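User: I am new to this structure and should like a close look at a single part of it. Please describe one helix carefully, and then place it in its surroundings.

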Amino acid sequence: MATKEIIDDTLVMDNPEAVRPKRMTLNMGPQHPSTHGVLRLELELDGEVITWAKPDIGYLHTGIEKEFEVKTYHQGVTLTDRIDYLAPLSNNLCYALAVERLMQIEIPEHAQWARVMLAELTRLNSHLVWLGTHAIDIGAMSVFLYCFREREEILRIFEMCSGQRMMTSYIRPGGLALELPRGWQQRVKKFIDVFPSRVDEYEDLLTNNKIWIGRTKGVGFISVEDMLDLGITGPMLRAAGVEYDARKQHPYSSYEKFDFKVPTRTENDVYARYLCRLEEMRQSARIVKQVIDGIPPGRHAADVPNMTLPDREKMKTQMEALIYHFKIVTEGYRVPAGEVYQVVESPRGEVGYYIVSDGTSKPYRCYVRGPSFGNLQAVPKLIEGTLIADVIASIGSMDFVLGDCDR
Amino acid sequence: MISMPSEEIRSHPDADALLAANPEYLADVKFDRGELTLTVPAEHIVAVGRLLKLQQEYVRLSTVTGVDWYPAEPRFEVVYHLLSLSRNVRLRVKAKLPGSNPEIDSLTGVWRSANWYERETFDLFGIRFRNHPDLTRIMLPEDWEGHPLRKDYPVTGTRV
């Protein structure tokens, strides 16, 4: 960390009491471990109190939005994984829904339910990483190991479905890339049956832990008006008592058929955000259970031959299927001109894809609203006037991913 | 100017509210795939933003971004996505800007969240926002040349 002391010379001359350095500018990041990636915070300190803060982003900007414009809609899915690398399936889902709305196709209910399950497992995955790293930041080492034990099992489920642990590209426009693998019900059920007891384990470690409470209660307050005005979404907003969740307010992919609660708190501090996310994990487990019990039979993708890839078997036996496969892979499918803004509730908040189509097989413009970008904008409001030691807790409670922020 | 039959516009309360306040606030109305798009003359954007926030309860500005229609004129579109929590509706507002010296008033005075989104749009499209408190590049380095999301900016290649 680089430090720079600013001493006002004239002040020292006139007033001997002011010999003590007044303000200090401190660079936190971009390599600071608790900034989870490459966030740089410029802080101005008066003793231990932060008087001014400015987040500096862009270190992970990779021009994904530009790259969308030269890839076909079919290829674009792979980019969506890499935006928010802790919640790839939420981004896959949002992109797929946007393209499907442009194409105006309906996908089978079986695929919709499978998507819900995958999106909720992704939420668990992301919240587990958040909880583990947030706890490590504050000094509770062991929680991290417990969280990653469960996360490993989720990644294995993803691997079983798509062949990939993280960059899944499993949810595609038109449905899923492949059928759900044989035996997925037993595998997911085995995991989800024990998962709530695992959440109890984390709670045993933290919820009544005096150090945890001391570090998190009453820390990181920001008023609801500021939150709405600054564009904060997701669990942070819900921990302030605003019951906004896109899964309830603007249901997509059959979410309206599931029974779950949107957990809210009113304390609006780091501790409340922690409790909110833990309760969200329990609710996600409930949703996954409902999928296993009630998933309707059907196909994994819509029957739109010029958009969804044909089965492998058909390609070997039917001329038509082979031609469609060739066309989709080489030149892609044409999407009618128009524009949509599709929103999905990702673990971090509102993910939005704004796709403009000009009638060709490549998006004319694909804008991604990453929830981390919107949330990070409020960092100064969150930490100005607080102690520097609380910065770690405050920004940890935002749960941002810089890949999602910088794109 | 307006491409929609007037009785249909009246059925959308937001479009109706804008017309009632000032008939010049609305250049075009489109309803497509369940989403309402209002196109607003660029010079009225702040007045429209304030009206939509205070009167139509759009408390949240979700995003600001741009679209480049090069080589067509007017070349740029600035696109705003709004959300009303109380009414549970979304709205898209657009303003069109010319290719030479694209400038529009900043909405940071209406929604503070516009700050970073406008900086991003400035950075990647080169659209200037008047009265913005800190209009600097946000994604790219300060000494970067050009605006990558413009259509005449190459996708690949090396700098010479």
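Analyst:
**Helix α4 of chain B and its surroundings**

The buried residues of α4(B) are B:A114, B:N115, B:W116, B:Y117, B:E118, B:R119, B:E120, B:T121, B:F122, B:D123, B:L124 and B:F125. In other words, the helix is mostly covered, with 12 of its 12 residues buried. This is a predicted model, and its scores are ipTM 0.89 and pTM 0.89. For chain B the mean pLDDT is 86, and 92% of the residues of chain B reach 70 or more.

The length of the helix can be checked. Since each residue should add 1.5 Å, the 12 residues of α4(B) should span 16 Å, and the C-alpha atoms at its ends are indeed 16 Å apart, which agrees. Just after α4(B), B:G126 adopts a positive phi of about 75 degrees.

The cover over the helix comes from both chains. Among the elements that cover the buried residues of α4(B) are β3, β4 and β7 (128–130) of chain B, together with α15 (371–376) of chain A.

The contact between the chains takes 28 residues from chain A and 27 residues from chain B. On the side of chain B that touches chain A, at least two residues each are supplied by β3 (60–68), β4 (76–84), β5 (89–97) and α4 (114–125) of chain B. The largest share of that side, 6 residues, belongs to β3(B). By kind, the residues of the side of chain B that touches chain A comprise 13 nonpolar, 7 polar and 7 charged.

One of these elements, β5(B), leads to further strands of chain B. β5(B) runs parallel to β2(B), and 3 bridges join the two. Within this pairing, B:T39 stands opposite B:K94 in β5(B). On the β1(B) side, B:D28 stands opposite B:T39 in β2(B). The strands β1 (residues 28–32) and β2 (residues 35–39) of chain B pair in the antiparallel sense over 5 bridges. They form a hairpin with 2 residues between them, and B:R33 in the turn has a positive phi of about 50 degrees.

Chain A offers a helix for comparison. Helix α3 (residues 73–81) of chain A is also mostly covered, with 7 of its 9 residues buried. These are A:Y73, A:H74, A:G76, A:V77, A:L79, A:T80 and A:D81. Their cover includes α2 (64–68), α4 (88–103), β5 (171–172), α14 (319–330) and β9 (365–369) of chain A.

Within α3(A), A:Y73 can be followed individually. A:Y73 counts as buried because 29 other C-beta atoms lie within 10 Å. Leaving aside residues up to four places away in sequence, A:Y73 touches A:V99, A:P173, A:G332, A:Y333, A:V335, A:S361 and A:P363. The C-alpha atoms of A:Y73 and A:I328 are separated by 9.7 Å, although these residues are 255 residues apart along the chain.

One contact of A:Y73, A:V99, also has a place in the largest nonpolar core. Of the 151 residues in that core, A:A98, A:V99 and A:I355 touch the most other members. Helix α5 (residues 109–138) of chain A provides the largest share of this core, 15 residues. A:I355 touches A:A98, A:V99, A:L102, A:E339, A:V340, A:P363 and A:C366, again not counting residues up to four places away in sequence.

Technical notes: Residues numbered from 1 in each chain as written. Chains lettered and ligands numbered in written order. Predicted model: local features only at pLDDT ≥ 70, side-chain atom pairs only at ≥ 80, totals over all residues. Contact = placed C-beta atoms within 7 Å. Helix = DSSP H or I, 4+ residues; strand = E, 2+ residues; numbered from the N terminus. Nonpolar A, V, L, I, M, F, W, Y, C, P; charged D, E, K, R; others polar. Expected span 1.5 Å × (residues − 1). Buried ≥ 20, exposed ≤ 12 C-beta atoms within 10 Å, placed from the backbone. pLDDT = per-residue confidence, 0-100. Core = buried A, V, L, I, M, F, W, Y, C linked by C-beta atoms within 7 Å. Pairing = 2+ DSSP bridges.
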